[in-house]
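Biologist: Could you take me through one part of this model in close detail? I would like to look at the enclosed space inside it, and at what surrounds that space.

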Amino acid sequence: MGAGHGTGHGSAGHGSAGHGHSHGGPPAGPAAAAARRRATWILAAVLVPLGLLTLVGMVSLWPSGDRSGLQLSNPYSVAQGVTMDTGTVRTVTSEACPGASSSPASSGTSASACSFASTQPDAGGAEVRVALNPDIVKSHGVKPGDRIRYLNLSRLQPQAQGSSAQGGAAQGGAPAYVFTDFVRTVPILLLAALYAVVVVAVARWRGLRALLGLGGAYAVLVAFVLPGLVEGKPPLLLALVGSTVIMMGVLYFAHGLSARTSTALLGTIFGLSVTALLAAWSTDAAYLTGVGSHDAASLVNVGGNISISGIILCGLIISGLGALNDVTITQSSAVWELYELAPHTPARKLFTSALRIGRDHIASTVYTIAFAYAGAALPLLIIVSLYDRPFLEAITSSELAEEVVRTLVGSVGLVLAIPMTTAVAVAVVKATGASRFEGRPSEAALLAGEETDRLAAGRSPRTPAGTRRGEAGSASGPDDGGAHAVATGTATATAGAGADAGADADAVTQDDGAGEYPTRRSRRGR
């Protein structure tokens, strides 16, 4: 609807009178509302069937939980009579290993040195001497005050109990207490708490919802994707269904149910589809068997229906999920913000402007993916570099091929999702956002309305410089509904104009977040 201007004039010889003006803006009415409804129905027509199809797929692929065919021993389980204890290190000593030669000089070799940690058990009692692994001593070391986890073999070695506090070794040199791992509970909980506090402090309720959504995403992985892979479910469908469920839950829960979020979801699903197709092809074409990994070799020997190549395929799809979500929601938000600043921008120009933002995001996100994988595989990269092999042979070797393919596949899906999300966002925002600004007048209409008010008040037209002496100031600006109201000051019809002599009005512009609209600011004469 047009913007309404109301003016009131009063003088000594005239009664007060009121009249209104309507100045043209974009045409109001059913067309914009119909376009908005049409865009909403199009989004619903695409996303609702996708949601139902995803739900059907999740129900059909839901794992049964049967692990009867698997044969995998738990390395953290202990035999009868053996316990896993924890304690705090008091001192660390290095001495000759039990059972080592007592006369190393006669053999011409130095005696082997072993490290022991005098540890106070958390359960109480006397200190025990825990034998430390040589690799732990060399790489990180154990220091007084560290909390460690160790195997207690003393019940299986009764002869060692009397000397456990002194030598910690049984007859024949076998230690009664053996280091297994550090206790990391406190530092990890502190980091998790710090992460949660920072996210909530910066992002407020949206950050809290994002953290809860992250918990839900991991629940889907643990309850649906991982058991499905163990039971030999189709990895491509498993990854697509699981990823779509995660993205639908995370996006709508963190960002709310809106056309902006739905647009980002469409872009994410498109990127997921591209990534899945590339991952399915590259897993077979690049011969990604995964047998070079120790963990993969352990899974091969487990038996059952576990497919290592299927696990790799699923990992290629899931690994780029976070970065894909990042670029699509950011790109969708960029289109909406650009439109809010300039709602009359043509669709082509809006797409071009948003895509320029997307190009900057592409570069930084590709770096993020590459460096994240490089950091995770740093020990492997060092080993490969020490082999002194040709570069092309090294990056296509079985050790690095999976990381290289993961980076390339994820990056391609991510890059293609940006123009797709931008195009969908521009189409949706032009339809759904039009009604918000359909009643907002253009700048030319506002200026024309001001001149009409000036003439109706008996004043002369404004000069091109935009300022005149002897005129009353006025104030205008867009209200919450987009309407423009102008209130003119009081003035006399004849000699009363002298009362306003010396007033100086200058034109300024006010940015309300949706474009620039002129306002007037008055300063009384000095």
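Modeller: Gladly! A cavity here is a set of grid points where a 1.4 Å probe fits but cannot get out. This is a predicted model, and it holds two cavities of 30 Å³ or more. Let us settle on the second largest cavity, which contains about 60 Å³ of space. Its lining is made up of Leu272, Thr275, Ile317, Gly320, Leu321, Ala323, Leu324, Ile369, Gly410, Gly413 and Leu414. Three elements each give two or more residues to this lining: α7 (259-285), α10 (321-341) and α14 (401-432). Sorted by class, the lining has seven nonpolar and four polar residues, and no charged ones; glycine is counted among the polar residues here.

From the lining, we can move along to Asn325, which is also placed in helix α10. Asn325 has a relative accessible area of 15%, so it is buried, the cut-off being under 20%. Setting aside neighbours within four places in sequence, Asn325 is in contact with Met247, Val250, Leu251 and Thr268.

For a second buried residue, turn to strand β7, which covers residues 177-182 and includes Tyr177. Tyr177 counts as buried because its relative accessibility is 7%. Tyr177 and Asp85 are 92 residues apart along the chain, and their C-alpha atoms are separated by 9.4 Å.

Key: Residues numbered from 1 in each chain as written. Predicted model: local features only at pLDDT ≥ 70, side-chain atom pairs only at ≥ 80, totals over all residues. Heavy atoms only, no water. Helix = DSSP H or I, 4+ residues; strand = E, 2+ residues; numbered from the N terminus. Buried < 20%, exposed > 50% of the residue type's maximum accessible area, 1.4 Å probe, protein only. 1 Å grid on protein atoms, 1.4 Å probe; cavity = no way out; pocket = protein on both sides within 12 Å on 5 of 7 lines; lining within 4 Å. Points joined across faces, edges and corners; volume = space filled by probe spheres on them. Contact = heavy atoms within 4.5 Å.
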